[in-house]
Amino acid sequence: MYETNLNERKSFFDYPLLLAVLGLIGIGIAFIYSASFANESVRELPLFKQLYVKQMVWYSIGFGMAVVLCIFDYRTLARWSLVGYWISILLLIAVMLFGTERFGAKRWILMGPFQLQPSEFAKIAFILMMANFLSRPKEELRRGKIFFTALGMIALPFVLILKEPDLGSALVFFPVGLLMMFVAGVPLSYLFKFVGGGGVLVALILVEVLFVPIDSKFQLIRLENYQRHRLLTYFGKDLAPPNATPAERKQAQILQKNKSYNVDQALISVGSGGLTGKGWREGTQYSLGFLPRAVAHNDFIFSVIAEEKGFVGSVMVLTLYTIVLFSGIKIASQARDRLGKILAVGVVALLFSHIFINIGMNIRLMPVTGIPLPLLSYGGSSVLCSLIAIGILQNVHMYRRAY
Amino acid sequence: MLIFDQLKREDRKLRAISLGVLLGFGILLIGLWWVQIVSAKRYEENLKNQQFRSVRVPALRGKILDRHGESLAENRPRFDVNLYLEDLRSQFTYEYTNHVVPEYVRQHPELMQPVKQSAIKRFFSFATETFGAEPKPQPKARARLPLAVRTELEAEARYRVVSNITAQITTRLQNPAILDTTLFSRHYYQKRYIPLPILQNLTPKQVAIFAEQFTGLNGVEMEIQPTRTYPNETSAAHLLGYIQRNDQPNTDEEIDYKYYLPDYVGITGVEASFDDALRGQAGVKSLLVNNIGYRQREEMLSVTEPGRNLVLTIDLKIQQAAESALAAAMPNVRGAVVVMDVRNGDVLAVVSAPAFDPNVFPAGVSSAEWKILNNEKYSHMFNRATYGAYPPGSILKILTAIACFENNIMSPSEMFHDPGYYQDQRVLGRRRIESLAPAGDYDFKRAFLKSSNTYFIHFGLKAGLKKLVEVGERFHLGESTGVLPGEEVAGAYPDSNNLSGWYAGDTANLCIGQGKVTLTPMQAAAMTAAIANGGKLFWPRIIRELLPPEAIDSDLKSFQPGSLRADTRLNPRHLQIIHQAMLADVEDKDGTGAAARVEGFRVGGKTGTAEGTKEQTTWFTSFGPMEKPRYAVVVMVQAGVSGGGTCAPVAGKIYKAILKLEQTRSASPNTLAELN
C-alpha cells in the first residue's frame with residue numbers, strides 16, 4: 001500500500017490520460033487530413049492554410065495553455081473563476097450584438113482571421129465557477145437559496161446560448177451542472193425534483209411539437225421553426241400538418257429530406273464502413289461530397305473515422321475516450337479537496353456529454369446538434385476548450401492528496 | 001484496471017458516475033454494432049446506389065462477309081466531338097461569379113447588402129453611431145440572392161459556357177450548330193455523368209481541323225464510335241437487312257442500367273436472324289459519381305465481347321452482276337434473281353429490285369423517307385426473292401412433263417395438234433385458254449420450247465391431279481425453304497390430303513402454272529437446281545459459317561454445305577429428255593429463251609409468263625453448263641413483257657459474268673479452292 005502510494009506520488013502527470021489524449025490528437029490530425037484532402041480546392045491551398053495544419057497549430061496552442069494552466073494550483077484558478085465566468089457571459093452578449101451569422105445562427109465572433117465560439121469557453125468558465133461555488137461546506141448546500149443560485153448560474157449562459165440559437169450547447173449545461181451538484185452533496189431530493197420537473201417540461205414540449213398542430217391555440221411553448229423541424233425529423237414524423245395540400249406535403253417532404261440529409265449521409269458513412277472500414281483516405285462519402293464537406297471535418301468527423309476504419313476504429317475511439325473519462329473519475333476520487341473533486345467531475349461530465357451527443361448524432365441515436373467531438377472535431381474553440389479541460393484534470397491530479 | 005478500480009471505490013457517488021459513463025458508452029457501442037455490423041449490408045447498398053451509375057457499353061457488331069471474304073457489312077469509325085461537363089466546372093463557376101451574377105445584380109440593385117465586418121470594427125461603428133457620429137459608408141457591398149435565383153443563374157452560367165464552346169467549335173468546323181437549351185438542361189439534370197455530344201460524324205476535313213485547333217482544349221474530346229456501314233450500298237440489301245438504334249435494350253438483362261449507350265438491333269435479313277451472334281455481349285461500365293452527379297472515375301465491370309463474323313454463301317461478284325443485269329431488264333424494274341450452286345444448294349446471289357440502302361437506317365429514317373421506301377407499288381423494303389410468291393406460269397411445265405412421263409401417258413416423239421387454244425366443256429366450261437404457241441403439230445421438245453399450253457393441259461389432265469400434286473410435293477412446293485426463318489413465305493401449292501373444292505379447271509391451270517399456285521423465286525431456284533443435279537433437292541444455304549465457330553442456337557438448319565432435303569426420285573431418262581428440251585429452249589433459234597444463250601456456256605432454261613389479276617409475272621428459270629451443271633439462275637420480273645423477252649436476257653448476262661469470273665479466278669490459283 002505504502003509503496004503504491006509512493007509510486008503515485010512520483011507520477012507528475014496522469015500518464016494513461018496523457019497517452020489517451022495524445023492518441024486522440026493523432027487520430028484527429030490523421031482524419032482531418034483525410035477528410036479535407038479529398039477536396040481538390042483544399043488540396044491546392046498552401047500548407048499553412050491546410051485544415052490539418054491549422055488543427056495542429058490549435059492542438060499546440062491548446063497543449064501550451066493546458067501546461068500553463070498546470071503551473072497554477074487549481075485553487076488559485078478557482079479564485080479567479082468569478083472573473084472568468086462574467087467575461088464569458090459578456091462574450092456571449094457580444095455574440096448576440098456583433099456575432100457573425102452562419103447557417104442561420106450567430107455563434108461566432110470574428111476576431112481578425114479567427115472565429116471565436118464563446119459558448120465553448122463559457123462551458124469551461126462555468127465549470128470553474130460552479131466548482132468554486134459548490135465547494136463551500138456541505139451544510140450550506142442544503143439551503144434552498146444556494147441551490148437556486150446554482151441553478152441561476154446554469155440558467156444565465158443557458159438562456160444566452162439558447163438565443164444564438166444553439167440548443168445543443170445550451171442543454172449541455174444542465175447535465176454538467178447537475179452532476180457537479182450531485183457530487184458536491186446537494187440533497188438528492190432537490191435534484192430529483194428539478195430533474196423530474198424538467199423531464200415533465202421536456203415531455204410536454206415533445207408532445208406539443210409532435211402531436212399538436214402548429215396553429216392550434218393550445219400552443220404553450222414557442223420553439224424556433226428549425227428546432228421543431230429537427231425534433232420532428234428525429235422522431236420520424238411528417239413535417240406537413242395533417243390537413244396539408246398535396247403541394248404542401250411535397251414541399252414538406254423535400255424539406256424533410258434536406259433536414260435529414262446530413263444524418264442520412266453520416267449513417268451511410270458509418271454503416272458502409274462495416275467491420276474494418278475502407279482504409280485511411282479511402283472513404284468515398286466525403287470525398288465525393290455526399291457527406292457535406294462543410295461538416296465532414298468538424299461535427300461529423302466521427303463518421304469519417306467510422307467509414308475508413310470501421311467498427312474496429314469506432315471501438316478504438318470509444319476506448320480512448322473511456323480511458324480519458326475514467327482517468328478523470330480516478331482523479332476526482334484522488335482530489336485533495338472537494339473543489340478538486342467537483343472540478344474533475346464537471347470536466348468528465350462535460351466531455352461525456354459531448355462524446356455521447358456527437359457520436360449518438362452520427363448514428364441517429366441523438367438529434368442533430370452542433371456539438372463537436374472533443375479533441376477530434378476540427379475547430380479552434382473546441383480544441384482549445386477540450387485541452388484546457390484536460391489541463392484542469394491534470395492540474396487536479398498534480399495537486400492531489402499526498403497520502 | 002482503471003475501470004474496475006473506479007467501480008470499487010468507496011465513494012458511492014463517483015461509482016454511480018462511473019456506472020453512468022459505462023452505460024452511456026455501452027449504448028453507443030450497441031448502436032455502432034447495430035449500424036456497422038448488423039446493418040452494414042444495407043448501408044453499403046445505399047452507398048452504391050448513390051455513388052455508382054452502371055452504363056451499358058455495346059459490343060462491336062460482327063462483320064458480314066461473302067464467301068470469298070469480301071465485306072458486305074462492317075464497322076467504320078465515326079468521329080464525334082463530345083464535351084465532358086465535369087471538366088468545365090471551374091469555367092461554370094467563373095462565368096457565374098464574374099459575369100452572370102454581376103449582370104443580374106446590376107439589374108436588381110435592391111439586392112445589395114452590406115458586407116460583413118469583423119466584430120471589432122462593428123463594435124467601433126456601433127459605438128460611434130451611438131455617440132452621434134455620421135455612419136461611415138459601407139466599404140463594399142455584396143448581393144444576397146435567394147436560392148431559386150442562384151439556381152437559375154447557375155443554370156444560365158452553365159448554358160453560356162457550354163453553348164459558347166459549342167458555337168466556337170461548330171463554327172470553326174464549318175457546321176455551325178446552336179445548343180438547344182432544353183436538350184442541354186435535360187442532359188445536365190439526367191445524365192451529366194456521361195459526355196454531352198456536340199457534333200457527330202465528322203468529315204475527314206473536320207477531323208483534321210479539330211485535331212489541329214482544338215486538341216487539348218479543356219473538356220472537349222474527339223471520340224471514335226463504330227458505325228455500321230454497308231460498303232456495297234444497295235447490294236444484297238434485302239438479304240443483309242438493316243439495323244436500327246435500340247434505346248430500350250432487352251429488359252431480361254440482369255443489371256439495372258442507369259444509362260444505355262446507343263446499341264443497334266437487326267430488324268430484317270441476316271442482321272435480324274443472327275442478331276444475337278452479330279451483336280456480341282455488351283459490357284458494363286461503372287461510373288463513380290459525386291454528390292452532384294459529375295463523373296469522378298470509371299471502371300469496366302465486364303468487358304464487351306465483340307460480335308461474331310458471319311460468312312454468307314453469297315458471291316459478291318455474282319451478286320453484283322445479277323443486280324446490274326436485273327436493273328437493265330427494264331426501267332423501274334420490280335423483280336428478283338436467285339443464283340444457286342446446284343451441287344449443294346449454296347445461294348450465290350439473291351437479288352430483289354428495287355432495293356434500299358441499309359446505310360441510312362442506323363442514323364434513323366424520317367417518316368417521309370420511310371413512306372417512299374414502303375410505296376405500295378415498288379415497296380423497296382420487300383424481299384421479292386423469298387418473301388414474294390408469284391404464279392410460276394410455264395416454268396411449272398417442267399413438273400407437268402415429269403408427271404406425264406412417269407405415268408407413261410406421253411412419249412416425247414408423239415405428235416399432238418394444238419389449235420392455238422385449249423377448250424373443253426367438261427374441264428373449263430365456256431372458258432378457253434390461249435395456247436401462246438402458234439397452231440400446229442407439236443412433239444414434246446417443240447411443245448416445251450414453244451411453251452404450248454394446249455399440249456401441257458392435254459397431257460397433264462391425262463396424268464391426273466393426284467400425280468401432278470405428288471410430283472410438286474416431292475419438290476416441297478408450298479413449303480418454306482428454310483433459307484431465313486421469318487424472312488420467307490411458303491407459296492401456295494395444292495395439298496394432296498385436302499383437295500376438296502378443287503375443280504378440273506384448277507387442274508388445267510396447275511398444268512401450266514396458273515391459278516391457285518404460287519412460288520417464291522427461291523423455291524423456283526431450289527426446284528431448278530434439283531432438276532439440274534439429277535434430282536437432289538437441297539435446303540438452300542445462305543450462311544456459310546460464323547467466325548469464330550461456336551455452337552449457336554438457331555432455327556436454321558446447320559450450315560453444312562449440301563444439306564439434302566429430299567431425293568425427288570427422278571428417272572434419269574426423263575431428266576435427260578427435259579434437259580434436252582430446256583437446252584433447246586435456249587439454243588434453238590425459235591426457242592422462247594434464246595436470249596439467254598451464252599457463247600461457250602451451254603444453258604438450259606424455261607421461260608414463263610403468268611397472267612395475274614393486275615399484271616403478269618414473267619420468269620426464266622435455267623441452269624448451266626449443260627455438261628456438268630453448276631449454276632441455277634432464276635429470274636422473275638413483275639409486269640415484264642414476257643419470260644423470254646424480259647427475263648432470259650438477264651439470265652444470259654449473269655451466265656456471261658459467271659463465265660468471265662470463272663476464267664479470271666482459275667487464272668489466279670488462290671481462289672481456285674473457292675470455286676468448287
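# Burial, core and contact in a predicted model

Reader: What percentage of the 676 residues of chain B count as buried?

Author: This is a predicted model, in which local features need pLDDT of at least 70 and side-chain atom pairs count only at pLDDT 80 or more, while totals for chains, interfaces and linings use all residues. Residues are numbered from 1 along each chain as its sequence is written, and chains are lettered from A in the order in which they are written. A residue is buried if 20 or more other C-beta atoms, placed from the backbone, lie within 10 Å of its own. Of the 676 residues of chain B, the share that counts as buried is 41%.

Reader: Which helix gives the largest share of the largest nonpolar core?

Author: A nonpolar core is a set of buried Ala, Val, Leu, Ile, Met, Phe, Trp, Tyr and Cys residues joined through C-beta atoms within 7 Å. The largest one has 123 residues, and B:Val338 and B:Ile654 are among those with the most contacts inside it. Helices here are DSSP runs of H or I with at least four residues, numbered from the N terminus. The largest share of this core, 9 residues, comes from residues 521-533 of chain B, which form helix α20.

Reader: Which element gives the largest share of the side of chain B that touches chain A?

Author: Two residues are in contact if their C-beta atoms, placed from the backbone, lie within 7 Å, and the contact takes 39 residues from chain B and 44 residues from chain A. The elements of chain B that give two or more residues to this side are α1, α2, α3 and α5. The largest share, 15 residues, comes from α2(B).

Key: A residue is buried if 20 or more other C-beta atoms lie within 10 Å of its own, exposed if 12 or fewer, and partly exposed in between; C-beta atoms are placed from the backbone.
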